[in-house]
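Colleague: Please show me the model, and then let us go through its fold by question and answer.

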Amino acid sequence: MTHYAGIDVSLETSSVCIVDGSGAMLRELKVESEPEALAAALTGMRLEFARVGLEAGPLSQWLHAGLKAAGLP
């Protein structure tokens, strides 16, 4: 099954929403706004993500590089 994650970035914590291919919400969580913490939260769910969406902002490039290095799309 296809899964997607959307990340609403803030300076200290980010909100993550995970949905399936039909758009049904599976989980919402708050994670520290660090590339390692976000990657661990997403990979720890043991889901295959088709796409991870990231809010544009001052931390976006740094977080994007960390998520990409962790193998997330």
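The exchange below covers the sheet, the helix across it and the core of this predicted model.

Colleague: In what order do the four strands of the open sheet lie?

Modeller: The pairing in this sheet is mixed. Strands E3 (25-32) and E4 (49-54) each pair on one side only, which makes them the edge strands. From one strand to the next the twist averages 15°. The order is E3-E2-E1-E4.

Colleague: Which residue in E3 is the bridge partner of Cys 17?

Modeller: Strand E2 covers residues 13-20 and pairs with E3 in the antiparallel sense, over seven bridges. For Cys 17, the bridge partner in E3 is Glu 28.

Colleague: At about what angle does helix H1 run to E3?

Modeller: H1 spans residues 35-43 and lies across E1 (3-8), E2, E3 and E4. Its angle is given between N-to-C directions, on a scale from 0 to 180 degrees. Relative to E3, H1 runs at about 155°.

Colleague: Which element gives the most to the largest nonpolar core?

Modeller: That core has 16 residues. The elements giving two or more residues to it are E1, E2, E3, H1, E4 and helix H2 (60-69). The most, three residues, come from H1.

Colleague: Which residues have the most contacts inside that core?

Modeller: In soluble globular proteins, nonpolar side chains tend to be buried together. Leaving out residues up to four places away in sequence, Ile 7 touches residues including Val 16, Leu 38, Leu 42, Val 52, Leu 54 and Leu 67. Those with the most contacts inside the core are Ile 7, Val 16, Leu 42, Val 52 and Leu 67.

Definitions and conventions: Residues are numbered from 1 along each chain as its sequence is written. This is a predicted model: local features need pLDDT of at least 70, side-chain atom pairs count only at pLDDT 80 or more; totals for chains, interfaces and linings use all residues. Side-chain values use heavy atoms; hydrogens and water are left out. Two strands pair if DSSP finds at least two bridges between them. Contact means heavy atoms within 4.5 Å. A nonpolar core is a set of buried Ala, Val, Leu, Ile, Met, Phe, Trp, Tyr and Cys residues joined through side-chain atoms within 4.5 Å. Buried means under 20% relative accessible area, exposed over 50%, partly exposed in between (1.4 Å probe, protein chains only).
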